[in-house]
Each structure stands twice: as structure tokens, then as C-alpha cells.
Amino acid sequence: MKKYKLLFLFAILLLCENCAAASKWKETLVSKGDVNDAINNAITDFLHTSNLSKKDTIFSIVITDTNEGIIIIGIGGAVNKVYPRSENEIGTYDEIFPTQYVIRDNKLFYWNDAKQAITQDIISILEKYNHIDFHWSEEYVIPPLVIDDGKESVVYYFCKNDYKNYKKTGGNTIHRHYKPPKLNCNK
């Protein structure tokens, strides 16, 4: 009987240790900074809490800045490659073409910052991950995009005055629609 009590205590201790280690990542989140800091918080949470992080190695991030004191950041597995247009040259600015990226846990996360110029660095990273197609023909006007209405994603809602104050939902798909969460940013 004493063996079982000792084994039970050991299991509880191991479980407590795993819980403490699992929440350590929360200490790395920042509360202030620019939108890239909020994106890094979202990526950190995504990698530690979402099963979707295990389904892909390349993730596209979409940022929406609302006038309500909230930044909305969506993270989902990238369905399409990046298809550069003739005007997407190094040193130019674009509203769609990715200009920022982060590699975490050997996974590529990329997004557009329209204030950031296209660099050779982002082109090289997209090439390394085989996620850019320079050979599509612009004569078709629209690149060969796939629209996956069922692709799951996670949407984060961050208070602009405190990036540690956030909530998340799933991204809307053809199968399910989510209501934006209520977020109190006046703390």
C-alpha cells in the first residue's frame, strides 16, 4: 500500500512540474510595443496552445487594426504560395506582398507590413521554404490561388494598451462562424 501512495505522490509531483513548465511561456509575453510585439505574443500563444500549429510548417498572418483600441491578428496555415507581380521588386512597398517573417520551432510565420519595403531577405526565406512562385504567368491577371473555405485558423484580439490582455477565437470558415469576444481594454 505504501508503494501505491509513493507512486501516486510521484505522479502528482510530475504533473505539477509539467504544468509549471507549460505556463513559463506566458512569462515571455510583452504588454507594450509595436504591432510586431503583438504578433510575437500571438505566435507564442499559438505554438503553445493550438493544435493547428502541428498541422503545417508555413503560416500566414493577417493583421487588422480597429478603431476600438483592438488589434486583430489571424494565424492560419498558408494555403497558397506567394505569387509576385511585376511591381513586387526589392525596395518597393506593397499592401499584400509579405514583408515580415519569424521562424519559430522550424515553422515560418509571415505577414505584410505595408510600411516595410520588400527585401531580399523575405524573398530568400520564401524560396528556402519553397513558398514563392516566380513562374506563374501574369497573362492570366489573377494568380492560381486556391480558396479553402474550410481551412481552420486562430484569431487573436489584443488590447492596444496591453498586449497581455487578449482573447482568441477560431477563424470563420464555411463550417463555423465565431462571434468576436468581448474584451475589456479599459483596465
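This passage describes the strand pairing, the disulfide and the largest pocket of a predicted model.

Strand 5, which spans residues 153–159, is a convenient place to begin, as it takes part in two strand pairings. On one side of the description stands strand 2 (70–77), with which strand 5 pairs in the antiparallel sense over seven bridges; within this pairing, Ile73 has Tyr156 of strand 5 as its bridge partner. The other pairing is with strand 6 (162–170), which runs antiparallel to strand 5 and is joined to it by six bridges, and here Val155 is matched with Thr169 of strand 6 as its bridge partner. Strand 5 and strand 6 together form a hairpin, with two residues between them. Of the seven residues of strand 5, six are buried, and the strand is therefore largely enclosed by the rest of the structure.

Strand 5 also carries one of the two cysteines of a disulfide, Cys159. The model contains one disulfide by the distance rule applied, under which the two sulfur atoms must lie within 2.5 Å; the sulfur atoms of Cys159 and Cys185 satisfy this rule, being 2.0 Å apart. The torsion about the S-S bond of this pair is about -85 degrees, so the disulfide is left-handed. Whereas Cys159 belongs to strand 5, Cys185 lies in the segment after strand 6, so the pair ties together parts that are 26 residues apart in sequence. Both Cys159 and Cys185 are buried.

The strands described above recur in the lining of the largest pocket, in which about 1300 Å³ of space lies. This pocket is lined by 46 residues, of which Ser60, Ile61, Val62, Ile63 and Asn112 are the closest to its centre. At least two residues of the lining come from each of helix 2 (35–49), strand 1 (58–65), strand 2, strand 4 (107–111), strand 5 and strand 6. Strand 2, the antiparallel partner of strand 5, gives the most to this lining, with seven residues. By residue class, the lining of the largest pocket is made up of 25 nonpolar, 13 polar and eight charged residues.

Taken together, these results place strand 5 in several of the features considered: strand 5 pairs with strand 2 and with strand 6, holds Cys159 of the disulfide, and supplies at least two residues to the lining of the largest pocket.

Conventions. Residues numbered from 1 in each chain as written. Predicted model: local features only at pLDDT ≥ 70, side-chain atom pairs only at ≥ 80, totals over all residues. Heavy atoms only, no water. Helix = DSSP H or I, 4+ residues; strand = E, 2+ residues; numbered from the N terminus. Buried < 20%, exposed > 50% of the residue type's maximum accessible area, 1.4 Å probe, protein only. 1 Å grid on protein atoms, 1.4 Å probe; cavity = no way out; pocket = protein on both sides within 12 Å on 5 of 7 lines; lining within 4 Å. Points joined across faces, edges and corners; volume = space filled by probe spheres on them. Nonpolar A, V, L, I, M, F, W, Y, C, P; charged D, E, K, R; others polar. Pairing = 2+ DSSP bridges.
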